[in-house]
Amino acid sequence: MNQLLEWSPLLVFFAVFELFGIYWATASLMCTCVALMFIHRLRTGSFKPLHVVTAGVVLVLGTATLLLHDKRFIQWKPTVLLGLAAVAFLGSGVFGRQPLARRMLESVFSEPLDLSRHTWIVINSLWAAWFAVLAAANIYIAQNFAEGVWVKFKVFGISVAMLIFMLPQVIWLNGKTKTAPAERS
């Protein structure tokens with residue numbers, strides 16, 4: 001249920017695009033991003049930073065899209081968010097206690113992962129590079145392909161690309177978990 005809620009802005013955007021076009025889809029994306037932010041707040045008692053940043057970017061670029069009747073603004077949304085993610089990953093490798101990739105990936109496992117700091121920096125750098133590549137791919141597709149192709153890339157292509165990028169890492173990291181020592185009676 002939680003994953004469906006997280007995917008709701010994309011799914012609503014796609015459905016509304018198919019039925020009514022880019023401008024109605026943009027307005028629906030704005031509404032669902034704000035709704036998701038407040039639903040999360042009601043359920044957990046706090047705002048999720050990713051939801052707040054996403055809603056902020058969507059509201060700014062979506063408003064520009066609707067007021068200026070120019071789809072290019074909303075087409076920049078994935079590039080802006082993916083670019084911000086790339087910068088956040090890079091910054092966390094330099095300024096943070098732990099690289100963002102470590103914090104994100106270790107949360108998937110119940111046991112600690114047996115990896116060196118250098119390995120985490122490499123993984124973190126790969127994530128930053130991947131986000132940068134996806135950001136560039138988004139704007140390239142938006143500018144060089146039909147609107148419908150871009151929407152499918154935004155909704156499905158980026159999601160599948162992220163899954164393809166993440167899955168081998170999770171499988172590899174699964175073999176790197178530290179097994180807890182057996183308790184002695």
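This passage goes through the overall fold, the surface and the salt bridges of a predicted model.

Starting with the big picture, the chain is built from 8 helices and 0 strands, so reading along the sequence simply gives α-α-α-α-α-α-α-α. Laid out along its principal axes, the C-alpha trace covers about 70 × 35 × 30 Å. There are 185 residues in the chain, and 39% of them count as buried. As for how the chain comes together, take the contacts between residues at least 6 apart in sequence: 64% of these join residues at least 24 apart.

On the outside, the chain exposes about 11,000 Å², with carbon and sulfur atoms supplying 70% of that area. The charge tally runs to 15 positive and 8 negative side chains. The centres of these two sets sit 5 Å apart.

Some of those charges pair up, and the count comes to 5 salt bridges. One of them joins Lys152 to Glu18, with 3.9 Å between the closest N and O atoms; the cut-off for a salt bridge is 4 Å, so this pair falls within it. Lys152 belongs to helix α8 (residues 147-174) and Glu18 to helix α1 (residues 2-20), so the pair links distant parts of the chain, 134 residues apart. Neither end of this bridge is buried: Lys152 is partly exposed at a relative accessible area of 41%, and Glu18 is partly exposed too, at 44%.

Helix α8 turns up again in the bridge between Lys71 and Glu147, where the N to O distance is 3.2 Å. Here Lys71 comes from the loop between α3 (49-68) and α4 (72-75), while Glu147 is in helix α8. The two residues are 76 apart in the sequence, and this pair also links distant parts of the chain. Lys71 has 28% relative accessibility and counts as partly exposed. Glu147 is at 22%, which again puts it in the partly exposed class, because buried means under 20%.

The bridge between Arg102 and Glu106 is a local affair, with both residues in helix α6 (residues 100-106). Their closest N and O atoms are 3.3 Å apart. Why do Arg102 and Glu106 come about one helical turn apart? They are 4 residues apart in that helix, and so about one helical turn separates them. Arg102 itself is partly exposed, with a relative accessible area of 22%.

Technical notes: Residues are numbered from 1 along each chain as its sequence is written. This is a predicted model: local features need pLDDT of at least 70, side-chain atom pairs count only at pLDDT 80 or more; totals for chains, interfaces and linings use all residues. Side-chain values use heavy atoms; hydrogens and water are left out. A salt bridge is a side-chain nitrogen of Lys or Arg within 4 Å of a carboxyl oxygen of Asp or Glu. Buried means under 20% relative accessible area, exposed over 50%, partly exposed in between (1.4 Å probe, protein chains only). Contact means heavy atoms within 4.5 Å. Accessible areas come from the Shrake-Rupley method with a 1.4 Å probe; for residues, only the protein chains shown count as cover. Lys and Arg count as positive and Asp and Glu as negative; His and the chain ends are not counted. The place of a charge is taken as NZ of Lys, CZ of Arg, CG of Asp or CD of Glu.
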